[in-house]
Amino acid sequence: MKILGLIGGTSWVSTIDYYRYINQGINKQLGGNDYAECIIYSVNYGEITRHIEKGNFEGVFKILFEAALHLKNSGAKAILLCANTMHMFADELENKIELPVIHIALATASAIKNKGLKKVALLGTKPTMEMDFFKNKLAENQIETLTPNVEDRSFIHEKIHTELLKGTIIPETKSGYISIINKLISEGAEGIILGCTEIPLLIKQEDVNVPVFDTTFIHAETGVGFALGE
């Protein structure tokens, strides 16, 4: 079994889910009392947020690189960034750290293709919805991406940071997310990407009439595949 290195804390809430899903996935494959060999480096997300607010993306990358270097030196054979937004740095990090960085968007693209879908909607933080690092990986796999309008993007982003990152679940917020999702379905979305690792705390498959792609679970399962692969 290969050792996985997880850069977590972005947020701690979803990092718990990563740890659970990875261990459950390993045990499902191996049985008995076999579980994952993994190392978690949990960063201070407040420090990352302050860098982003100042536009200091170099500062964010430095935090991620130093965390990845600790993981590599501790024996990790691949890195999982436990947040969609942090994947804006994934390609650069992989090149600099010289370890595979298992990309959440590529894992999600594979799951979407397995469903035979061509057009999906992406929910997440503003950087995830507005920048190209996630959408480009989908486009490379011939998948078209829809995103919410400006007002809805702001609502989604705000609720992630003021509620979901803290593990707070509010029914009115869930209703707001579902309303946005239904608008996107009416615009032609064949599936919905929960492109922030906290959104699955709020939205489940039973809430939506088209396939939902839980990026936290998909990413963790891809990590399991790497750990147990040749």
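This report walks through the fold, the surface, the cysteines and a few backbone details of the protein chain. Keep in mind as you read that the model is predicted.

**Overall build**

Let's start with the chain as a whole. Its secondary structure comprises 10 helices and 7 strands. The radius of gyration is 17 Å, which agrees with the value near 17 Å that a compact globule of 230 residues would have. Along the principal axes, the C-alpha atoms take up a box of roughly 45 × 45 × 35 Å.

The inside of the chain fits into the picture next. Of the 230 residues, 52% are buried. Among contacts with a separation of 6 or more, 72% join residues that are 24 or more positions apart.

**Surface and charge**

Turning outward, the protein chain has an accessible surface of about 10,500 Å², and carbon and sulfur atoms account for 48% of that area. As for charge, there are 22 positive and 28 negative side chains. The centres of these two sets lie 1 Å apart.

**Cysteines**

The whole structure has 0 disulfides. Cys38 is not part of one, and the nearest cysteine sulfur to it belongs to Cys82, 9.3 Å away. Cys38 counts as partly exposed because its relative accessibility is 22%. For Cys196, the closest cysteine sulfur is again that of Cys82. The gap there is 12 Å, which is too far for a bond, given that a disulfide needs the two sulfur atoms within 2.5 Å. Cys196 is buried, since its relative accessible area is 5%.

**Backbone details**

Three loop residues deserve a visit while you have the structure open. The peptide bond leading from Thr10 into Ser11 is cis, and its omega is near 15°. Ser11 sits in the loop that links strand S1 (4-8) to helix H1 (12-30).

The other two, Glu98 and Gln142, are set out below with their phi values and loops.

| Residue | Phi | Loop between |
|---|---|---|
| Glu98 | near 60° | helix H4 (90-97) and helix H5 (104-114) |
| Gln142 | about 60° | helix H7 (135-139) and strand S5 (144-146) |

Glu98 has a positive phi although the residue is other than glycine, and Gln142 likewise has a positive phi without being a glycine. How accessible are these two? With a relative accessible area of 63%, Glu98 is exposed. Gln142 counts as exposed too, at 52% relative accessibility, because the cut-off for exposed is over 50%.

Conventions. Residues numbered from 1 in each chain as written. Predicted model: local features only at pLDDT ≥ 70, side-chain atom pairs only at ≥ 80, totals over all residues. Heavy atoms only, no water. Helix = DSSP H or I, 4+ residues; strand = E, 2+ residues; numbered from the N terminus. Rg over C-alpha atoms; globule rule 2.2 N^0.38 Å. Buried < 20%, exposed > 50% of the residue type's maximum accessible area, 1.4 Å probe, protein only. Contact = heavy atoms within 4.5 Å. Areas by Shrake-Rupley, 256 points an atom, 1.4 Å probe, with all protein chains shown as cover. Lys, Arg positive; Asp, Glu negative; His and termini not counted. Charge placed at Lys NZ, Arg CZ, Asp CG, Glu CD.
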